[in-house]
Amino acid sequence: MTTLSPENSLSARQSASFILVKRKPPIDKTEWDSFFDENGHLAKSRDFICVNILERGLHPFVRTEAWKFLTGYFSWQSSQDERLTVDSMRRKNYKALCQMYEKIQPLLENLHRNFIETRNNIARDIQKLYDKDPLGNVLIDKKRLEKILLLSYVCNTQAEYQQGFHEMVMLFQLMVEHDHETFWLFQFFLQKTEHSCVINIGVGKNLDMLSTLITFLDPMFAEHLKGKGAGAVQSLFPWFCFCFQRAFKSFDDVWRLWEVLLTGKPCRNFQVLVAYSMLQMVREQVLQESMGGDDILLACNNLIDLDADELISAACVVYAELIQKDVPQTLKDFFL
């Protein structure tokens, strides 16, 4: 067992403090531009910007550019001219990948059964998407989405296509203008979050650590869940696979949580604290009704129209509580 340092305890209290006061307005375009010098180099530290994103969020007019830094599309050390060069390179690389895909597509169709199956799954998933707003205006281009998802599947040997990726790519298409931006932002997002949202890489670890966290912070609840079998917590894997996107009332709320996860603030693997906070929302109902795995999953699936700021605040408070306790080494290693 290890007690975390006073410095980390102070940091945790600071990161959770914005729940106690009225949150400052999100970072707008004027303020964002003030973070850079005349050559486009950062005049503020990366840590300063990430803490402000955690505590305040990003204005929609800033989000596209900020996300390119958060995902790694642009280097935090780059100048404006260097970013223009990088964007041009990413556009050319995307075009080259598209040309490569067109050449090898017949080979994939003839020799790889998984390709046909995955292509059909992608097509089915995309058809389920709502592509228009309430006024009938077209929001997304499904053909472009399908192309990006197929190209991503062919190019990414680790993060195989899984249900939910189509919704992620849709959100990136809504955020940016060009296909090469959508494609590369999605790739970098997967790299940043693969240990939280990709089934064959990190989802199982997240569920195991969620169980460990419940046992440490809420032993009574943990005992109830244990009595209902191992599947009670394991059934929550869709939260991580979909990166919580189905729990929110708006796209802005999804982007708000995702950009916090990308900052790495207030700690690593913050998504597990988010999941813990959501599970606490149904805790009393689960205990009172002595729910098992299927019923717990149903109750959790009914957590919709959540407010991202409230959920982030709740998870930060959990972190502030956690960091001041005599924490097991496994939790310390995972979160710090």
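Where does F244 lie? In this predicted model, F244 sits in the loop between α13 and α14; the close-ups below take in that loop and a few other spots.

**View 1. Two positive phi values turn up in the loop between α13 and α14, at C243 and F244.** Start with C243, which is found in the loop that runs between α13 (237-241) and α14. C243 isn't a glycine, yet its phi is positive, at about 50°. As for exposure, C243 is buried, with a relative accessible area of 2%. Now take F244, in the loop between α13 and α14. Phi of F244 is near 65°, again a positive value in a residue other than glycine. F244 has a relative accessible area of 3%, so it counts as buried.

**View 2. A cis peptide bond leads into P266.** The bond in question runs from K265 to P266, and its omega is near -5°. To find P266, look in the loop between α14 (251-263) and α15 (270-281).

**View 3. Helices α7 and α8 cross at roughly 120°.** Here α7 covers residues 142-155 and α8 covers residues 165-175, and their axes come within 10 Å. With that crossing angle, α7 is oblique to α8. The crossing of α7 past α8 is right-handed. Which residues of α7 and α8 make the contact? On the α7 side, they are R144, L145, I148 and L149. On the α8 side, look for F165, H166, V169, M170 and Q173. Sorted by class, the contact of α7 with α8 has 6 nonpolar residues, 2 polar ones and 1 charged one.

**View 4. F69 and F74 make an edge-to-face pair.** The structure holds 24 aromatic pairs, and this close-up picks out one of them. The ring centres of F69 and F74 are 5.9 Å apart and the planes stand at 65°, so the pair counts as edge-to-face. Are F69 and F74 buried or exposed? Both are buried.

**View 5. W184 and F188 pair up within helix α9.** Both residues lie in α9 (residues 179-197), and they are 4 residues apart, about one turn of the helix. Their rings are 6.3 Å centre to centre with 35° between the planes, which makes a tilted pair. W184 is buried, with a relative accessible area of 15%. F188 is buried too, and its relative accessible area is 14%.

**View 6. Twelve names, one aromatic cluster: F69, F74, W184 and F188 are among its members.** The two pairs from the previous views belong to this one cluster. The other names to pick out are W32, F35, F36, F48, Y73, W76, Y94 and F183.

**View 7. P60 is found in helix α4.** That helix covers residues 60-71. How exposed is P60? With a relative accessible area of 46%, P60 is partly exposed. For a partner elsewhere in the sequence, look at K29, which is 31 residues away from P60 along the chain. The C-alpha atoms of P60 and K29 are separated by 9.1 Å.

Definitions and conventions. Residues are numbered from 1 along each chain as its sequence is written. This is a predicted model: local features need pLDDT of at least 70, side-chain atom pairs count only at pLDDT 80 or more; totals for chains, interfaces and linings use all residues. Side-chain values use heavy atoms; hydrogens and water are left out. Axes are lines fitted to C-alpha atoms, for helices over the stretch in contact, and angles run from 0 to 180 degrees between N-to-C directions. Angles under 35 degrees count as roughly parallel, over 145 as roughly antiparallel, 65 to 115 as roughly perpendicular and the rest as oblique. A crossing is left-handed if the near helix is turned anticlockwise from the far one by less than a right angle, and right-handed if clockwise. Contact means heavy atoms within 4.5 Å. Ala, Val, Leu, Ile, Met, Phe, Trp, Tyr, Cys and Pro count as nonpolar, Asp, Glu, Lys and Arg as charged, and the others, Gly among them, as polar. Buried means under 20% relative accessible area, exposed over 50%, partly exposed in between (1.4 Å probe, protein chains only). Rings of Phe, Tyr and Trp (its six-membered ring) pair if their centres lie within 6.5 Å; planes under 30 degrees apart count as stacked, over 60 as edge-to-face and the rest as tilted.
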